[in-house]
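Please load the model in a viewer and set it to a cartoon representation with selectable residues. The stops below take the open space first and the enclosed space afterwards.

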Amino acid sequence: MKKLEDLQAIIGEAVSKLSYPLYPAALYGPISYILSLGGKRMRPALLLMACDLFGGDIDAAISPALAIEVFHNFTLMHDDIMDNAPLRRGHTTVHERWNKNAAILSGDVMLIEGYKLMMQVEDRLLRPILDIFNNTAVGVCEGQQLDMEFENLSNVNIDEYLEMIRLKTAVVLGGALKIGALIGGADIKDADLLSSFGEHLGLAFQLQDDILDVYGDPEKFGKQVGGDIISNKKTYLLIKALELANDEQTNKLNNWIDLKHFDNTEKVSAVTAIYNSLNVRQYAEDAMQNYADKAFDALDAINLPEDHKQYLRDFADGLLVRES
């Protein structure tokens with residue numbers, strides 16, 4: 001079994017070799033630009049990992065893995081427009097460097113380029129793999145739409161939130177693993193189980209992200225702690241707090257959410273104190289553990305050698321231990 005970092009390096013090299021026409025420059029330039037900004041390349045690396053787990057030829061999985069990476073970056077390009085984001089991975093976003101119309105059209109071409117790469121799988125696998133890719137792509141769009149709608153809703157519940165993060169984040173992990181497994185020679189039952197492993201792991205990972213945003217060590221977390229509180233992002237912790245709060249706590253939370261001008265440190269401290277009084281961190285950690293357990297249950301049922309399962313357990317443990 002190849003190490004995850006080796007698979008990420010393979011993808012990184014393959015991305016660097018992707019080439020697009022020079023003309024029209026404003027159509028193809030943004031594609032090369034956003035792909036050059038790096039990132040962890042986790043999703044395509046998982047596709048290669050799944051292929052490797054079942055004894056497949058990693059080289060045969062590189063094009064579909066690139067398809068996942070190109071698709072992921074297409075969604076980022078369009079997400080940045082919707083969010084009016086000035087920066088992506090520390091660099092100017094495409095719509096800021098070019099313009100919104102160029103970013104929309106370049107994103108459209110990226111999606112098509114992703115399909116061209118995915119279609120390089122062998123013919124016998126083409127239809128089932130395109131079905132997975134289509135379902136994954138639609139899920140991500142549904143998740144993004146829900147995320148945008150949630151910004152303007154005051155009564156989002158936990159189940160709605162979990163479904164949103166499942167669609168926006170987790171289905172891509174599951175889809176990448178399922179495609180890689182089929183290319184590696186897995187039967188559909190094992191491919192589905194590996195997909196379930198990835199999806200539940202993705203949910204656990206996102207819940208951990210919500211927890212670490214409030215309770216993490218900024219040195220280890222790599223982000224500003226309390227960023228979600230400052231921006232009023234609807235996370236598991238905020239939704240659970242609003243669900244559990246008494247009238248006084250609800251009023252305090254809503255006052256902080258409605259305030260237009262405030263001291264960041266004061267807001268983070270006040271909202272965190274309400275979270276602590278309601279024990280929402282424990283609720284979030286219990287939910288995260290529940291999804292991690294479901295991931296490991298799916299893993300246990302896969303027909304793979306024990307050392308390959310252990311590889312996946314170690315991977316999952318590494319993903320879910322970014323302690324505060």
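Begin by selecting α7 (123-150), α8 (158-184) and α9: in this predicted model, each of these helices supplies at least two residues of the lining of the second largest pocket. Colour α8 separately, as the largest share of that lining, six residues, comes from this helix.

Next, show side chains for I132, N135, T136, V171 and E199. Among the 13 residues that line the second largest pocket, these lie nearest its centre. The space in this pocket is about 200 Å³. Colouring the lining by class gives three nonpolar, six polar and four charged residues.

Now turn to the enclosed space. How many cavities of 30 Å³ or more does the count give? The count comes to one, and the space in the largest cavity is about 90 Å³.

To find this cavity, keep α9 (188-215) selected and add α11 (227-230), α13 (247-258) and α14 (264-278); at least two lining residues come from each of these four helices. α9 thus belongs to both stops, since it also supplies at least two residues to the lining of the second largest pocket. Highlight α14, which gives the most to the lining of the largest cavity, with three residues.

Then display D228, I229, L238, V271 and Y275, which lie nearest the centre of the largest cavity and are part of a lining of 13 residues. A final colouring by class shows seven nonpolar, two polar and four charged residues around the largest cavity.

Key: Residues numbered from 1 in each chain as written. Predicted model: local features only at pLDDT ≥ 70, side-chain atom pairs only at ≥ 80, totals over all residues. Heavy atoms only, no water. 1 Å grid on protein atoms, 1.4 Å probe; cavity = no way out; pocket = protein on both sides within 12 Å on 5 of 7 lines; lining within 4 Å. Points joined across faces, edges and corners; volume = space filled by probe spheres on them. Nonpolar A, V, L, I, M, F, W, Y, C, P; charged D, E, K, R; others polar.
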